Structures are given as C-alpha cells and as structure tokens.
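These are my notebook entries on one structure, set down in the order in which I looked things up.

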Protein chains: 4
Amino acid sequence: MTDTRATVSPVSLAAVDAPDQPTVTPELEDLYRGFEKELLVPLWTEIGDLMPPHPRSKAQPHRWEWSTLLELAGRAGDLVPVGRGGERRAIALANPSLGGKPYASPTLWAAIQYLMPGEDAPEHRHTQNAFRFVVEGEGVWTVVGQDPVPMSRGDFLPQAGWNWHAHHNAADQPMAWIDGLDIPFQYGIEGQFFEFGRDVISDAERITPERSRSQRLWGHPGIAPVSQLGSTQGSPLLCYRWEHTDRALSDQLDLEAEGYAATIERGHAAIRFTNPTNGLDVLPTIRTEFHRVASGVETAPTRETGSSVYQVFDGAGTVTVGDFTWSVTRGDLFVVPSWQPLSIRSEASASDSDSGALDLFRFSDAPIFEKLNLARTETEGTNR
Amino acid sequence: MTDTRATVSPVSLAAVDAPDQPTVTPELEDLYRGFEKELLVPLWTEIGDLMPPHPRSKAQPHRWEWSTLLELAGRAGDLVPVGRGGERRAIALANPSLGGKPYASPTLWAAIQYLMPGEDAPEHRHTQNAFRFVVEGEGVWTVVGQDPVPMSRGDFLPQAGWNWHAHHNAADQPMAWIDGLDIPFQYGIEGQFFEFGRDVISDAERITPERSRSQRLWGHPGIAPVSQLGSTQGSPLLCYRWEHTDRALSDQLDLEAEGYAATIERGHAAIRFTNPTNGLDVLPTIRTEFHRVASGVETAPTRETGSSVYQVFDGAGTVTVGDFTWSVTRGDLFVVPSWQPLSIRSEASASDSDSGALDLFRFSDAPIFEKLNLARTETEGTNR
Amino acid sequence: MTDTRATVSPVSLAAVDAPDQPTVTPELEDLYRGFEKELLVPLWTEIGDLMPPHPRSKAQPHRWEWSTLLELAGRAGDLVPVGRGGERRAIALANPSLGGKPYASPTLWAAIQYLMPGEDAPEHRHTQNAFRFVVEGEGVWTVVGQDPVPMSRGDFLPQAGWNWHAHHNAADQPMAWIDGLDIPFQYGIEGQFFEFGRDVISDAERITPERSRSQRLWGHPGIAPVSQLGSTQGSPLLCYRWEHTDRALSDQLDLEAEGYAATIERGHAAIRFTNPTNGLDVLPTIRTEFHRVASGVETAPTRETGSSVYQVFDGAGTVTVGDFTWSVTRGDLFVVPSWQPLSIRSEASASDSDSGALDLFRFSDAPIFEKLNLARTETEGTNR
Amino acid sequence: MTDTRATVSPVSLAAVDAPDQPTVTPELEDLYRGFEKELLVPLWTEIGDLMPPHPRSKAQPHRWEWSTLLELAGRAGDLVPVGRGGERRAIALANPSLGGKPYASPTLWAAIQYLMPGEDAPEHRHTQNAFRFVVEGEGVWTVVGQDPVPMSRGDFLPQAGWNWHAHHNAADQPMAWIDGLDIPFQYGIEGQFFEFGRDVISDAERITPERSRSQRLWGHPGIAPVSQLGSTQGSPLLCYRWEHTDRALSDQLDLEAEGYAATIERGHAAIRFTNPTNGLDVLPTIRTEFHRVASGVETAPTRETGSSVYQVFDGAGTVTVGDFTWSVTRGDLFVVPSWQPLSIRSEASASDSDSGALDLFRFSDAPIFEKLNLARTETEGTNR
C-alpha cells in the first residue's frame, strides 16, 4: 500500500486573494490602531480569506489504515479502563491540518471504539447525533432507551441526539467498531448538551436478542406501526442490517446489467439509509450511505460542499482525493474535505470466486448543507 | 352467518333539523318564485340538511359475502370477455343507499376483478389512484410502467394515478382479487383523466419475476436508491409482500405480550402501508392498513370522518357498524360510512393449532380529510 | 346585456363513450340480475361515464346579474327574519344543471347575504371554510372569535372552519355581500360539523373598530407577532383591505409597463390572498384571488381542473366560458365549471377619466386539487 | 455610560470537567505517542471540553458604542477608498475572546458599513446570507439583482445568498448602516462561494425610487403576485419599512393594554421579519426581529442555544448578559453568546413627550438550530 502524496504545494492563498490594500499612511496606521482598541476588524484586509471564490478546506485529505487503528485500539483495551467520566474507549481520527484536534473534518467526528469481553460502557445522552458502523466482529449490543440493539459486521446503527445509550459486550472476544458524530459541528456552533445516565444497566437490558424492539416495530419495508406514527427528526429504526444493504446493492448492479436505471453511474451502486417516518436522512445533521464500485470501475471525480468520511467495508482499490491518492483495503478510513474532488477505483478482481467489488460505507454533513440552502455538487466530465 | 339488522329506524332528519320557517305569505311565495326563476336557493330552508351537527352519511353500512362475489365473478369469467373499451372484468360493490351507483361509499370504489388463464387486461392509465389486494390465489402479474409486479395471497399493490398498467394471467387457473380506487371522489370533484395505452403488452413484459424492479429498488427496509431519491406523491414500491405484513403484525402482538407499546389497543395490532420516499400514505387520496385482532378480543367502538372498506383476510368474527352487526369470514367485505362507530370482535379460537386471530385489510379516504384539515376521530370508552 | 348561448348542443356522452357491450344472452341477463340482487355493478357498463377522458362537469357555465340578486335580497330583508335556526339571510346560487341544489358548482357555495340596519346574525361555527367579499356598502362587522372585523367595499374576509362567528349591522342602511363556502364539497365527502354559539353577542363585541385585532397583529407586510408564531391551516389575518389589493394590482400593471415581469399575461394582473403564517392559501379548501384585466385586453382561454366563481368588482366586459358568452358589469357573478375554458375581455374605456380595467374577485377549489395531486391547467395559444 | 464587568473569573473548565485519567504508565505513554504518530486522539482526555453539559461559548458578551464606531467609520471614509478587491468599506465587530477574528459570535458577522456621497460599492454575490439595517440616515440604495432598494432609518433589507448586489449613495451626505451576515458560520463549515459582478452599475440602476420593484410585488400584507408564486428560501421582499415595523409594535402594546394576548411578556412587544412565500425566517440561516421594551419594564432573563447581536434603535436602558451589565443608547450594539442569559431594562421615561420605550433590532443564528433540531430556550422565573 503506497501513499503517493503527489505535488502538494502549499497554496499561498494570501498571494492569490488579498486585494490591493490602501497605502499605509500615519493616519491609516492610527485608524487601524483605533480599530484594534475598539475590537473592530476591517473587511478589506480579510475578505480574501473569509470570502473565497469557493470552499478551501482547512482540512486535508487523509487516509488511516485499519490494521494500525485496530492494533492501537487493542492496546488501549489492555491499558485504559472504560467508565464514568471518560465514558467510552473511543479513539478519534485527527485531521492532519486541524491543529491536533480530534476532528476528521471541520464538522465530523470519526472514532474507533473498542470494548473488551464482559465490559459495559456507561449510559449517557447528548445532543450530538451519532451512529455506529461495524466493519467486523459481533457480540456487542448498544442499549438505546433500554432497547438492546445487536451489532454485527455490516450493520449500521443510527442514534439521534438526546437518546440514552450504553454498550455491553456479551461475547468472549473484544469488539471494535466505528462511531461517527457531529461533535465538531456542534462544538463550533455551541449547541451541545450532555447528561450522565445510570452507571449500570439492568439485567433486563443485558439480553442479547437477534432483533431490537426498534427493528420489530420499524424494520419491515414500507410498513409503519400505526401506534407509533408521526415524523421524527431521527430514525426510530435503530439497526439497518447488512443483509438488506447487501441485497439492495446487488439488486442495483443486476438491474443495471438488465438495462434499467438503478445505479448512480455505470458500475457504481449507492444506497442511502433513510428514516422510515419521513424518507429523509436518518440523523438531522449526518447523511449515511453505502457504495459499491464494481470490479475494475473508476468513478467520475465529483466534488461537493461539505465533508465526508469513508470506510472500506470490503474489497480493495485506489482512492484519489484532490492531490492525494491512496491504496485502500478493508477497514481503511479516509476523509474527503469540502469541495475536494473524489474518485474511487475498484481493483479488478484477480480470482473468479471473488466479485472484486469495492464496498464503502460513507457518512457526511450533507443534511446541514441541504437544509440551509448551501449544497452544491459538481461532477467532472472526462477532464481530470 | 347471520345479518342482524337490529332496529334501524329511518331517522326523520327533516323533523329534527329543519328550522322554524317564516310564515308563508303571498309576498313570500312570490319571493320564493323569484328565487326559483333566478336560480337561487335560500339557506334558511336547506341548512338542516346541508350543515348538520355531524356527518350523516348517505351511505349505509353493508357487508358483501366473498363466496357470493367469487361465484358471480366466475360466471362473468365465462360470459364476459376482457378487452379494450370495457377494460377490466371488475364488478363493483354498490352501497345499498347510494342509488345503485357502483360506489362502496361516497368516495371509494371497491371491486372484485377476475382474470382467466392466459388472459390480458389491456394497458391504460387514469388519474384515479388505485390498488390491488389479494385475498387468495396467484399467477397474475400487474405490469406497471412495463414493470411486471407479482400478486399472491396477502400482497398489496398500490398504484398512484397516471401510471400505465395492464394485467396478465400467467397461470392455468383463473385469479380474483380486489381493486380499490377513488373513482367516486374524483367523479364528484370532476378532476379525472383517462387514456388508453397499448392493446397488447410486449413479450418482455410477459415475464413472471418473483420480484418486480420496483421491489428490487425500494423493497429494502429503510434503504433508498440514491439514483431515485426525492419525495413522490405515490409510492415507488409497487408490491408490499404478505410475509413482511404478517411478520410486522406478529411482532406487535409479541411486543405487547412482553410489556411494550406496539399495538393500538390491547390485542389489536395495526400497520399502515407507507410511501418510503416520505413516510406518508402510499396514495394521495387513499390510506391502506392491515389489522390483526387477537383471538377473543373486541375492539373499542371508534368513529372517524370519512369512510372505510374492510376485507377479512383470515379468521372469523363479528363486526358492528352503527346499527348493523354481521358475522364475517375470509374474503368478506364491509363498508363503514363516515362517523359510524365500528367495533370488531375476533371469534375465540376453537382449536389449539389455530391462532384464532382475525386479520383484516382496510382502505379509507383518510388522506383527503387529513390534508384538508377535516379529520376527526372519537373512540368510545366502555359505554357501548 | 345579452346572453348569447351559442350552439350548445347536449353532448351525447353515452354515444361517445360507452364501450361495446357483450351480447346479451339469457345467461348474461341472469348474471346481471345476480349482480343487482347482490348490490354489485360491473365496470364495463359504466366506465364511459365514470372514467371519462377528461373532466365533463355536471355543472353548467352560468351568470347571475347582481341587480336582480340585490333586488331579491332586499325583498327577503323585508320578509324573512334572521335568527337562530335559519341562521343567516343568505341566498345561494343554484347551478342550472345541478338539480336545483344550492350549489354554484359541485364543490362551491356562493350566496348573497343581506343584513338590515341594527340586525344581528347569531353566533355559530362549522367545519365548512368560509369567506365574505364586499362588492359595495359598509357598516357590518363580522365578529370572529369575539373580534369585530370591519367590512367595506373591496374587503375580503377569510374565515377558516370551526371559528365562532356572528355579524352585526351597525349602520342605518341594509348591507349585502357575498359568502363563499365549501358546503357542497364537505357535504359530498361527509366531513362536516356544526354548532350553535351564543344567541346574542356582548356589548363589547358590538364595537365598530376600524381595524380588527387580527389586523393589528397580522396586517403588517412580512411582519409576524413573535407571540403568535406557528403555521396555521387558516389565515389568522381576518380582513384583507381593498386599499392593499388595489395598490398591488396597480403596481403589477405599472411594473409591466416599465418592462418587468409582474402580470400573469399582458394586461392581466393577478394577486392571491395568502396566509401569512405559511404563504399558502387563506383557507384549506378554497383559493381566493383578485384579477385586473386592463382596458381592451382579452385573456387567453385557460382551463383548469376544479371550478371557480367570479364576481365583477368594477368595470364591464365580456366573459366566455365554454359555449357561453355573457356581458358582465359590477356585481355580476359567474361560475366556471371544471375543465371549461375561460376568457375574459375588458371593455375598452369610453372616457378618459376611467381606467377601463375590469376588476374581478375569484374563488375556487384549487387547494383540494393541488393537495391531492389532481391539479392540471391548460392555456390555449391563439387557436380559439 | 458604565461598563460594569462584575466578577468575571475565568472559569477553569479543565478543573471542572476533566474526567479522572488512567495512571500514566510507560505503556500508556507509549500508546499515546502511537496515537499522536497516527493522527489519533482519545476521547477520554478531551470529552470534558468537547461534550460539556451545556454550551459554554468561546465568545464573550460585549457591547460596542455607536458613537465610537461612527467616528472610526467616518475616518475610514476619508482614508480608505471603496472598490473592487476590498469590495466594501465595512468594519466588523470582533468578539474579545475569539482571537481577533472579525466575528461577533462564532456564527455571526456584524459590521458598520460607510459610503461617501456619490460613491458606489461594486457589484458581487456570495453564498453568505446578508442583511442591512439602518439606525440613522438615508440616501443609499442597495441594488439587488438590478432592483434599487431604498434605505432609511428603521428599514430592514434582507438579501439571501447568491444575489448580485451593489450600493450607491445618491445623497450629499455620507451614510452608515449595519450589515449582518453568516460569514463565520459558512467559513466554519466551508460552504461559501463568491463572485465578482460588474464594476459599475448602469444608469438605469442609479435611480432612486421610493419603493423597489420587490416592494411593489411583495410589500402588500397577505397578498402575493400570482406570477411569482412558490416558496423561496430567501425572502423576495427586499425592504421592510420602518413605518410598518413601528406600527406593528405599537399595535401589540395597545392590544396588551386592552387586555389581549399580543406581546411576548408584559411590556415587551416583538415582531419577526418573515418571508411572505412561506412565513419562515427571511434568510435560511439568520433570524431577524424587532423588540420594543416599554418604559420602566425589565424583561425576564432568557437563554437560548445560538448567539444574537442586538442594536439599540431608540431609547436607552440597561442590558445584562451573563456576568456583564451595560448602559445602552441609540446605535449601541451588543452580542449575546450561546446559552448566556439576557435581560433588558428600559429606562423609565423622564419626560412626558417621550414614550420612553427601548427599541432594539436583533439578529441571530436561530434558523440553523431549529432546522437541525438543536434549539433550546430557557426563561428564568423570578430567581435572578
């Protein structure tokens, strides 16, 4: 696996954007000192950075290798207890150009969480919207509002803000998964609340059902329980099982092969996880999708306002984000900053027994942009 | 099966509601003649009927027995061809107090449709919203927009207005099912359009897939194809399979037994068929639901603005609508007029091998009332 | 004023639409008798009428002359008291082809209401949505929820269902105005409720303010009272004053003259009365607009699903609806049935002192069609 | 005017919130070095700051005096030209605890803009949503989409993102006003675009009409132009005139005096500027309101998620935000950070000729919080 960081020259934004400034005379110097004293800043010295022609992300494209993450998380499992105060054994991706903060992008948090056999993570709730996605393993149940929700490879568990939740590992193996939240966004706009719940969940919640109650109420396609009707901002369905995601993606590629509109471009199937009460995103601020790129296919470079984090679920390939290109394989995570073009190439299958498709889970801050009228997308043609 | 039409006295609305009228003098008679000549009608002579204290349906509660319907439909299969012009071998329920019109209620059309082995019903489209529900049989595919959709016992197929559709019977048996439409409503407000399509569908549409393309795109719980996103007034999912409906109902009764909120009242599970693009009703004017009343349970009398038609899918029981009480069994249909109280009693199971639940499919005009701010519901307490 | 009812031949729908029927054999006759006995009706004998290629209204275009209405209403003022039971001295337009029912169209009620000096109309409420429009006169206040709302020439007063309301005439002259309601629509779908209120309003409600409280809270352009926020199905603004309507129409014609997009076609200004809480129609089922057709202008024939009633507010002209053409002048009312083309011609001004524009108030059932996905409009080009 | 910055001790968040940390062993140190090397950050060391129990704003309450701003802006008028590149002679409020950035709060930009007689500010457009509010003066027109919009004392001019706009001063006096934008918010989430327009506007746009075309189309209460219908994310009404705002506020206090619900608390009238196409906020990200606090009234301390900036329009009084209390008078601006309680006291009127009310214009980021399900408000009772 190679990291070809080709020709990334630090762009001198100041040189490009700073407008001509008025000649600095003693009077102007005096005026600027007056501004400073009175806590004022003129627009004409700042406009180039503040109001650029298009988004220039402070974040940098970056890839994290799953094997390294998992090894470090395993060591944390041995050395760091889970309990009240620290709350979770979660280790966050820190974008290389965001000052060491635990931010994958300016709006998104992505972390690997690790729970040892028999361990519990204590109950709490927060306004931050969250989800879990499982790239491998099983045996942990997330208890949301006292409803134990199973987690297995490929499962996606959204959990809207202000729901009580805890985790318990009922297996005899450690288990890792990724957490995604809007922590940086809510930190930035200063809207977040947090409360501790019970330190220990009850025995009744320590059960390990194959389906959560949320799935039994809401997990039937196009079917809503009349007793629970009404649109909710977060999805009441707390687990989207891999078997359904997988089949939906296969169906799209099959339909494409039969000559019907189903994929978003040739060889590129994509599904969105939706809230069954309104057909919208599962979380108020976070969009979640699953993409399958057929063997040998390369997607058209596309840029969007807002940032995304991807995790490779299966297969191998090459990903290009702006000036960065990486090889990726199962579990690897990478971040796509705002308005950086992304292209994904699936490695052609070597064997007959393997579909060779590249499967990727994706989450982004797109709902924020769409609700506030700031969403833009641009797909490049052949000019790369 | 008995039809106990207990104590239905024709209410003299005029006696009750007509306000005191001004004494008829020669001058007033002359005025009334002036009104008539100029195509005018005074409110004070009409208000009692036009603006009653609550809805008094022109329709009457009525039950149709499935065995009779099926027998007559079978004879029509032998005597009446299906083809362009007549369009469908459909036989509609005519409410006994709506003047012989083919209206189950003032807004709803309900018919048994019958197709012989090898027969086609020709393609057409209309603004009337429609659905099919299958109480028994299999072998017919409804071709909607050239997508063949399978029909088997328990399946529900919504089909919003202005979609091209045809049927073909690929089996060696006749097949019957029910059609529901908003024909009377659209006839009343005068908004309907109709167009003939092709007389013969192509061989490519004569296939008999287990799942339609619509199901392959939209039939995965909480999962939307990114290439097809956007809220639509009618559901893009064209078949809701019985296995999912059945499981959702069972899950509700199981959850109730475990002590959780899931049913709409004790022993009464209910699901609504919803449009996955927005979580709302599958059709702009028609609501569709499935109800399961556990063995020995009697539902609380409830009245609503708007009318409903029910078909018994399984089990047996007793239904009371206003002053009417009927025994019902598999396939029987009954209509509940606006603001008439309905109660359903499931027959206690005689055997151990049978759940004894009474399963009912229901459709109603509730979306019209909800969108126009006219929906009201009233559930009686214990006072029957 | 002439009524040129040119070439209206009764169209034989049966001849045009009835499909070929199966040959009537004894077996078929027997089957049809079976249908009848079991309260069933086959589709194939009814489809031509029930599902026509486009709406064919049961209603007929018709014009009522204001002078005649007013004269008859005045006689009713002398002969018929207003009071509890009859509720209102309202005289409704009865479409000539709707069987003598007080329906202007299959969905709309339009009536002239008349109140003598010092008279009260008692308080009541109903789910029927209503409005008043004043073509001439002043001196009556409609008391809605105990808030007296003034009525003068050109004022429009919407009043959503289920609000208590009464009228009192504080002037020394009789006053007439028109009432519009959705009585036929609610009667047809059977959703209506009605309640009597107080027989006599209090002295505090007998005041005659220049602006109602609703106008003081909501009558400022683009400005909402923070204490009353939240979208409501009916407008909280209870009076739309003529001075604003008039100015908005003048502004559109002026903007057009200056070269800007403002009118709906050349010389044809149109405003819609909207609910300030959501920008939608003022009533859940009724759309209300004001049109101004500049002197000498003829509007393009346009047809829509749904019906409208117009009242001439000022000016004179010629109106063509389907096969009917009438001269119209101040106060005249006419009805446009579903899918009938309408064209309006303003009489060229004879004098310099008069703008010569034809001003028309319009109400229709368009919100019903739009909310239920049944709205269609077609504007003819030059081919009349 | 005094600035009593009472007892603001820098809160040691670390001491309060940092959870107990695991004992640092050599293995743990090694793990932490591994995290650092791999661009990872553990949650358990950061959670106290990242996920606090409630918002703790990085911003500080602060007041800027208008007299000082105006004096500095006047000097800038003499020293700094307006032109392409610098774009505007705007001087922004820089919150004292946001590192010298031109941010009034983490999401909001507020600036005084100053234009000399005969000057133009060149045309541009940007996705940032903006408005102008005029505390004194007149003579400038903001040309939005080639439509010149007048600006006078008390007028409010919203301007949604991506509209071309320029300014021209047609008077013989300089003019100042405030600009509000969502620059910091869009900078943080990285969604902004910017484009230069024409350097010089045409003579046709240099006119000085009393009403803009937008006002002629949309400035009539509850009345929409049929040719322009459809909900828009930004208001099509580009100027909300002071006469309407003033009258709406007076009406509320009068209604309160007459005993009716109209104000948000006793003696505290408030209106919101709304988009007439949907009744919502005039801008997708910014809420704008006007408040009038009657003479001698003190408002109940209230805290909200999200931040606000206020400008005193008239009157004088005392404002308390968290631990800060200031005297304020005409033109003064102050910022209320997220979740800081605000109370406003109007100075009792000294003279008979003056109403003594304190009038304040307010803008905030509330739409962001409401659309993303993060809005919370808390009004304290008597316990201050």
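**Entry 1: a loop of chain D**

Where in chain D does Pro106(D) lie? I found Pro106(D) in the loop between strand 4 (90-93) and strand 5 (109-115) of chain D. I note at the outset that the model is predicted.

Is Pro106(D) buried or exposed? Its relative accessibility is 13%, so I entered Pro106(D) as buried; the cut-off for that word is under 20%.

I next listed the contacts of Pro106(D), leaving aside neighbours within four places in sequence. Within chain D, the residues in contact with Pro106(D) are Ser57(D), Ala59(D), Leu98(D), Pro184(D) and Phe185(D). From chain A, Gly188(A) and Glu190(A) are in contact with Pro106(D). For Pro184(D) I also looked up the spacing: Pro106(D) and Pro184(D) are 78 residues apart in sequence, while their C-alpha atoms are 6.1 Å apart in space.

I then turned to Ser105(D), which is found in the loop between strand 4 and strand 5 of chain D. Ser105(D) has 0% relative accessibility and therefore counts as buried. With neighbours within four places in sequence left aside, Ser105(D) is in contact with Ala59(D), Leu98(D), Pro184(D), Ser307(D) and Val335(D). A polar atom of the Ser105(D) side chain lies 3.2 Å from the backbone nitrogen of Leu108(D). I also recorded Asp182(D), which is 77 residues from Ser105(D) in sequence and 9.9 Å from it in space, C-alpha to C-alpha.

**Entry 2: an arginine of chain B**

I looked up Arg241(B) and placed it in the loop between strand 14 (223-225) and helix 7 (242-257) of chain B. Arg241(B) has a relative accessibility of 17%, so it counts as buried.

With which side chain does the side chain of Arg241(B) make a polar contact? The partner is the side chain of Asp155(B), at 2.6 Å. Not counting residues up to four places away in sequence, Arg241(B) touches Asp155(B), and also Pro150(B), Ser152(B), Glu210(B) and Gln215(B).

**Entry 3: aromatic rings**

I took the count of aromatic pairs over all chains, which comes to 86. One of these is the pair of Phe194(A) and Phe196(A), which is edge-to-face, with 5.5 Å from centre to centre and 85° between the planes. Phe194(A) is buried, having a relative accessible area of 8%.

I chose Phe290(A) and Phe313(A) as another example. Their ring centres are 5.5 Å apart and their planes stand at 80°, so this pair is edge-to-face. Phe290(A) belongs to strand 16 (residues 287-293) and Phe313(A) to strand 18 (residues 308-314) of chain A, so the pair ties together parts that are 23 residues apart in sequence. Both Phe290(A) and Phe313(A) are buried.

I then checked for a cluster, and found Phe290(A) and Phe313(A) in one aromatic cluster together with Phe131(A), Phe133(A), Phe156(A), Tyr240(A), Trp242(A), Phe273(A), Phe361(A) and Phe363(A).

**Entry 4: an annotated span**

The UniProt record, an unreviewed entry, annotates residues 113-179 of chain A as "domain: Cupin type-2". I looked up the make-up of residues 113-179 of chain A in the model: the span is 61% strand and 0% helix, and its end C-alpha atoms lie 7 Å apart.

**Entry 5: charges over rings**

I looked for charged ends that sit over rings of another chain. The charged end of Lys58(B) sits over the ring of Tyr187(C), 4.3 Å from the ring centre. The ring of Trp162(A) has the charged end of Arg376(D) over it, 4.3 Å from its centre.

**Entry 6: how the chains are arranged**

How are chain C and chain D related? A turn of 180° with a shift of 0.0 Å along the axis lays chain C on chain D, with an RMSD of 0.0 Å. The two copies are thus related as by a two-fold rotation axis. Of the contact residues of chain C, 100% recur in chain D, and the same surface serves both copies.

I repeated the superposition for chain D on chain A and obtained a rotation of 180°, a shift of 0.0 Å along its axis and an RMSD of 0.0 Å. Lys371(D) is the residue of chain D that comes closest to the rotation axis, with its C-alpha at 3.4 Å. Because 100% of the interface residues of chain D are also interface residues in chain A, I recorded that these copies meet through the same surface.

Which chains do not touch? Chain A and chain C do not touch, and their nearest C-alpha atoms are 17 Å apart. Chain B and chain D do not touch either, with 17 Å between their nearest C-alpha atoms.

Note on methods: Residues numbered from 1 in each chain as written. Chains lettered and ligands numbered in written order. Predicted model: local features only at pLDDT ≥ 70, side-chain atom pairs only at ≥ 80, totals over all residues. Heavy atoms only, no water. Helix = DSSP H or I, 4+ residues; strand = E, 2+ residues; numbered from the N terminus. Buried < 20%, exposed > 50% of the residue type's maximum accessible area, 1.4 Å probe, protein only. Contact = heavy atoms within 4.5 Å. Polar contact = N/O pair within 3.5 Å; in protein donor to acceptor, adjacent residues only side chain to side chain. Least-squares fit on C-alpha atoms with pLDDT ≥ 70 in both. UniProt positions renumbered as here; feature names shortened; annotations may be inferred. Phe/Tyr/Trp six-rings, centres within 6.5 Å; stacked < 30°, edge-to-face > 60°. Lys NZ or Arg CZ within 6 Å of the ring centre and 35° of its normal.
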